Amino acid sequence: MGAEQAWLLAAIPAGVFFVLAIFGRALPRGGDYLGVAAIGTSFLLSFFVLGDLLSTEDKLGPITASIEWSTIGKFELRQGIWIDPITVTMFGVITTVALMVNVFSIGYMKGEPRYYWFFAVLQLFVASMLMLVMADNLLLVYISWELVGVCSFLLIGFYWEKRSATEAAKKAFITTRVGDVGLLIGIILLWKATGTFDIHGIIHAAEAGQIGQTYLFVSIMFVFLGCMGKSAQVPFHVWLPDAMEGPTPVSALIHAATMVVAGVYLTARLLPIFEVADGALLVVTIVGLTTALLTGFIALAQTDIKKVLAYSTVGQLGFMFVALGTGHPAIGMFHLATHAFFKALLFLGSGSVIHATHHNQEMEKLGGLWKKMPITGTTFFIGSLALAGVPPLAGFWSKDEIFVALNDKWGLWAVLILALAATMTAFYTTRLFIRTFMGKPMDKHVHDHTHESGYVMTGPLMFLAFLAVTAGFVVFHSVGKGLGLPGGITEFIFAEHHGPHEYEIDWGFAAASVVMATIGIFAAGWMYWGNSIERSTALAERNPGIYQMFKRKFYFDELYQAVIDRGVLGFSYVVSWFDRYVVNDTGVDGSAQITGFSGGVLKYLQTGRVPNYAMAIALGVVGLTVAGLVVRG
Amino acid sequence: MSLEEAQGYVVLATLAVPLLAAFALVLTPGREKMLVRYISAVTGAIVCGLSIYIFAAYQVGGDQVQMTLRWAWVENTAFLGENGITLYLAVDGISATMALLTGVVAFAGALAAWKLDFRNKDFYILYWTLLAGVFGTFFSYDLFFFFFFYELAVMPLYLLIGVWGSTRKEYGAAKLTLMLVGGSVLIWIGIFAVFHEANLGTFDMEKLWAAGSDGTLSPTFQKTFFPFMVIGCGVLAALWPFHTWSPDGHMSAPTAVSMVHAGVLMKLGAFGIIRLGIQLMPEGAEFWMPGLMVLGVIGAVYGATAALTQRDFKLISGYSSVSHMGYVLMGLATMNEIGITGAVLQMFSHGVMTALVFLMIGALYDQAHTRDLKDFGGIAKVMPLWVIFYAIAGLANVGLPGFSGFTAEFHIFVGTFQTYPVFGALAIFAAALAAAYMLRMFGTVFFGPFNPRWSDLKDLTPLERLSGGMLIASIVVMGVWWAPFTDRVGATVMLLPGVAS
């Protein structure tokens with residue numbers, strides 16, 4: 001297979017979706033093995049694609065292929081693929097995480113109703129995401145983007161008998177759809193300026209200065225709205241924590257490899273345009289910083305283990321945008337990749353806990369699980385350290401890169417904000433770990449019935465834990481070379497005008513990073529270790545206002561609900577009322593009634609009596625004669 | 001006989017078969033209900049097959065006007081000169097697409113009415129008469145017959161809704177008919193004005209179009225009479241603020257009539273705007289199209305907004321039709337290739353998708369006898385296939401890629417942005433509202449806790465599956481592989497007078 005056939009990566013899982021959706025019910029075990037086989041094939045094929053890319057002259061490609069799709073006069077649409085280092089990195093991340101999630105789900109979803117449907121939609125989800133990252137034009141990006149959205153809707157709402165699941169699914173779809181309005185507007189605006197949907201055509205036009213500054217800024221900001229929606233950046237972040245209503249493996253997939261990273265990917269892909277448009281990078285940075293900070297505060301006060309992880313994802317996505325805001329796609333992509341591995345690990349780990357404790361995900365009822373679940377506990381520990389940014393785990397390297405680049409680009413103020421967010425990350429991650437796995441069990445009943453999950457679930461955990469430890473090393477030149485890449489990740493992925501640069505450790509920032517992580521970890525340890533939860537309770541009681549603000553997530557949901565109820569639905573009632581009573585009853589029925597009324601009045605003129613008519617004729621003759629005389633005379 | 005001639009007879013057959021079926025049904029005894037159904041199903045299949053043939057055999061890149069048939073009817077008498085009134089049938093890229101739509105929806109609707117028991121003979125007589133009118137309008141190249149068939153399509157509606165309808169059916173039927181007749185009066189005035197002004201003694205549309213473009217119809221004349229044509233046709237296309245017959249009419253109409261009405265008849269209005277507005281009066285179009293654009297945008301946003309809080313399935317679809325037909329009018333008003341092509345695609349897309357929606361509503365209502373969203377919940381448990389079919393229609397409605405709605409709306413948006421970026425942005429926003437009202441309905445009806453009151457509901461019957469399956473196939477084909485549609489429509493649109501590239 002050549003890389004020109006990379007579309008097979010998406011086509012195979014998509015085909016399996018149809019097979020499972022139509023015949024899955026009849027297949028033994030709902031055809032879950034077909035799902036694993038499909039993703040497994042894509043996983044293997046991604047190595048072929050990588051191999052092909054590395055065999056091009058400078059090992060950077062790109063390899064492209066496209067076909068004509070439709071033509072109306074000069075309006076020609078082509079669909080095609082574009083394989084470059086960013087694409088293959090995404091391929092690797094998506095297929096690895098998806099494969100692990102698929103295998104894990106065999107254990108986790110066992111005995112669920114609509115088992116086959118779960119696996120079917122999972123395939124389509126992954127296929128859409130793969131198509132998204134290889135699309136060479138924004139139209140295909142948008143198409144895949146929406147398909148990803150609808151798959152997330154189906155998976156979040158998987159337990160549709162539960163009202164909350166349906167609501168969460170709806171919220172996810174509509175919130176991201178609002179962002180997508182911006183995306184589509186942005187895409188069409190860019191088309192209007194350049195006459196093409198081809199990503200690289202648009203980038204070249206932007207770099208060549210063919211598009212006016214203001215116009216370019218406005219259109220790229222519209223595109224960025226879509227990225228913010230998909231990647232759950234403030235103020236669009238509200239859907240992601242609710243998306244926990246889906247089965248936990250889906251959460252792992254959404255948070256790590258599909259869906260939320262789509263926005264990061266697209267921003268990274270279009271980064272040259274952000275750089276040309278004055279101020280766009282600053283917006284990206286500020287959005288990222290705001291998100292990282294706000295969600296850090298919120299995560300401090302959550303007690304549902306999946307909610308904590310969800311807010312940490314939102315925060316880490318903020319980190320990725322901050323990274324992209326420095327103008328270096330490699331750093332954003334690097335953090336995306338490392339985060340994908342450890343966040344998938346953490347989610348699947350929490351899934352293992354939830355599965356083992358019979359659907360208990362409240363920290364208030366957990367605790368002391370490490371001895372009961374050694375593999376889950378250990379791998380979760382590794383994932384937590386990686387998320388907290390402890391060296392030499394994966395999260396440390398990518399976060400460190402962000403700090404260095406951030407300092408270069410925007411200076412110390414930005415670094416300080418992000419450092420606060422990073423410290424909080426370490427804090428709430430530690431809190432999460434301690435309250436779930438350490439200390440004494442909070443609920444004896446739950447604890448007694450807990451047991452370690454089977455290998456089909458712990459296997460993926462161990463594999464992902466391995467990656468959470470090692471994935472960060474790809475930053476080193478020698479490691480990259482050893483893998484066959486031109487060098488470390490920053491020599492593989494880079495913006496053209498920045499050029500590749502070899503990674504060198506900045507000891508100052510590395511030390512600062514370690515200090516931040518340590519502060520967060522020890523602060524959490526001081527508060528929560530050995531069931532010393534009184535300390536945090538006391539803190540919360542002393543500052544009820546602040547605690548409530550964090551706990552209630554800065555009241556975003558309440559605000560939106562009010563806007564939707566009072567604003568949007570209110571407006572809809574007004575329009576409906578206007579349509580019924582003004583346009584219809586007054587305008588339409590009113591004219592009917594006037595006709596009816598005048599008919600009713602005029603009918604009295606038609607009496608049917610000859611003397612009346614004779615009288616009218618006589619009066620008419622007299623009247624006309626008089627009128628004639630007046631006019632003449 | 002040449003191929004062109006033979007194809008002319010195919011076109012004739014497409015509108016003659018429904019008429020013959022109606023005639024055959026007149027001769028069938030009313031108590032033979034099964035025979036009536038078989039005749040209708042076979043007619044539907046033949047008509048559908050013929051329309052697929054017309055669409056497939058239409059040559060992209062050949063002459064735009066193909067498959068012609070001319071039968072002189074009245075000429076060289078009194079005020080009529082050469083070719084005075086001719087049965088002149090032909091097909092271009094736009095009408096080929098519309099014919100395909102009509103064929104598919106007619107067949108699907110005929111199957112949907114299978115379970116109708118009350119006077120089904122009379123129902124089908126009117127039904128096929130209506131469809132003959134629709135085909136006739138799409139194929140006519142003679143203004144006289146154009147109007148004749150147009151009226152033939154509209155008139156049976158009154159009885160179909162008034163006799164077989166539900167929920168305030170007399171009111172719905174009367175309002176719908178009166179408003180449409182009001183529109184027809186405007187068109188009729190416009191037609192006579194054109195005939196008189198052009199002074200060619202012919203109703204041949206090609207000659208009159210030439211007159212519209214070469215200055216025979218003066219700019220002042222065109223500016224005066226363009227609104228007659230566009231408002232007259234616009235009533236049928238749910239042009240805001242002449243749309244209110246749509247929610248009420250749809251609410252009252254029986255399933256098959258809703259399908260054909262929303263699916264095909266509303267398109268006659270938009271088609272009329274192309275034939276009698278853009279083609280006949282290009283100067284008028286240039287002058288008035290910004291106004292139509294504004295009304296289209298209002299319709300698109302207004303319909304979507306009103307649909308948000310409706311509680312009756314059919315009212316949601318009624319208002320969503322107003323919104324989607326608003327897109328069609330916007331596309332036409334762009335006066336550029338991409339926008340008008342998008343409008344025609346949207347006519348097709350909205351047709352198949354709304355037909356599917358009404359088919360599904362009928363499948364539920366026939367059993368449940370209520371259409372209030374709040375009465376339902378968790379229906380996916382008892383009617384999974386129904387949910388899937390409805391969901392596909394709904395997602396097409398929302399403009400989800402992979403379904404026809406996206407293809408059409410995408411072209412309309414691109415076309416609109418060429419000249420009116422702000423309106424384009426508003427239209428895209430209305431598409432997000434569509435997601436809100438659709439998902440609200442999904443959430444309330446399909447999902448959530450199951451209401452045991454509905455344990456006895458049956459899933460789709462085999463006929464409903466066949467009928468819905470055809471519509472879904474059309475939705476998906478246009479959604480994924482739209483080149484056959486854009487090729488045919490685009491090539492014709494490019495040659496319309498006054499259309500920018």
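This report walks through a predicted model with chains A and B, from the overall build of chain A to a few backbone oddities.

Local features are described at pLDDT of at least 70 and side-chain atom pairs count only at pLDDT 80 or more, while totals for chains, interfaces and linings use all residues. Residues are numbered from 1 along each chain as its sequence is written, and chains are lettered from A and ligands numbered from 1 in the order in which they are written.

**Chain A at a glance**

Chain A is built from 27 helices and two strands; helices (H or I, at least four residues) and strands (E, at least two) are DSSP runs, numbered from the N terminus. Its C-alpha atoms fill a box of roughly 115 × 65 × 60 Å along the principal axes. Of the 633 residues in chain A, 56% are buried. Here, buried means 20 or more other C-beta atoms within 10 Å of the residue's own, exposed means 12 or fewer, and partly exposed is in between, with C-beta atoms placed from the backbone.

A contact is a pair of residues whose C-beta atoms, placed from the backbone, lie within 7 Å. Take the contacts in chain A between residues at least 6 apart in sequence: 78% of them join residues at least 24 apart.

The chain is divided into domain 1 (279-544) and domain 2 (558-632), with bounds from an automatic or database domain assignment. The centres of these two domains of chain A, taken over C-alpha atoms, are 71 Å apart.

How sure is the predictor? pLDDT is its confidence in each residue, from 0 to 100. Chain A averages 87, and 99% of the residues score at least 70. Among the elements of chain A, helix 24 (residues 534-542) has the lowest mean pLDDT, 74, and helix 8 has the highest, 93.

**Helix 8 and Thr176(A)**

Helix 8 of chain A covers residues 213-230, 18 in number, and reaches 26 Å from first C-alpha to last. That is close to the 26 Å expected at 1.5 Å a residue, where the expected span is 1.5 Å times one less than the number of residues. Helix 8 of chain A is mostly covered, with 13 of its 18 residues buried. Just after helix 8 of chain A, Ala232(A) takes a positive phi of about 55°.

Over in helix 6 of chain A sits Thr176(A). Thr176(A) counts as buried because it has 30 C-beta neighbours inside 10 Å. Leaving out residues up to four places away in sequence, Thr176(A) touches Gly149(A), Gly229(A), Lys230(A) and Trp239(A).

**Where the chains meet**

How many residues of chain A are in contact with chain B? There are 40, set against 41 residues of chain B. On the chain A side, strand 1 (63-72), helix 5 (138-156), helix 6 (163-194) and helix 26 (556-602) each supply at least two residues. Helix 6 of chain A gives the most, with 14 residues. By class, this side of chain A has 23 nonpolar, eight polar and nine charged residues. Ala, Val, Leu, Ile, Met, Phe, Trp, Tyr, Cys and Pro count as nonpolar, Asp, Glu, Lys and Arg as charged, and the others, Gly among them, as polar.

**The largest nonpolar core**

A nonpolar core is a set of buried Ala, Val, Leu, Ile, Met, Phe, Trp, Tyr and Cys residues joined through C-beta atoms within 7 Å. The largest one has 430 residues, of which Ala344(A), Leu418(A) and Ala468(A) touch the most other members. Helix 14 (residues 337-368) of chain B gives the most to this core, with 18 residues. Not counting residues up to four places away in sequence, Leu418(A) touches Leu289(A), Ala292(A), Val322(A), Phe403(A) and Leu406(A).

**Backbone oddities**

Most residues other than glycine have a negative phi, and most peptide bonds are trans. Here are some exceptions.

| Site | Feature | Value |
|---|---|---|
| Pro391(A) to Pro392(A) | cis peptide bond | omega about 0° |
| Trp240(B) to Pro241(B) | cis peptide bond | omega near 5° |
| Met259(A) | positive phi | about 60° |
| Met335(B) | positive phi | near 55° |

Pro392(A) is in the loop between helix 16 (374-388) and helix 17 (394-410) of chain A. Pro241(B) lies in the loop between helix 9 (219-236) and helix 10 (245-252) of chain B.

As for the methionines, Met259(A) is in the loop between helix 10 (248-256) and helix 11 (260-269) of chain A, and Met335(B) is in the loop between helix 13 (313-334) and helix 14 of chain B. Why does Met259(A) count as buried? Because 29 other C-beta atoms lie within 10 Å of Met259(A). Met335(B) is buried too, with 24 C-beta neighbours inside 10 Å.

Technical notes. Contact = placed C-beta atoms within 7 Å. pLDDT = per-residue confidence, 0-100.
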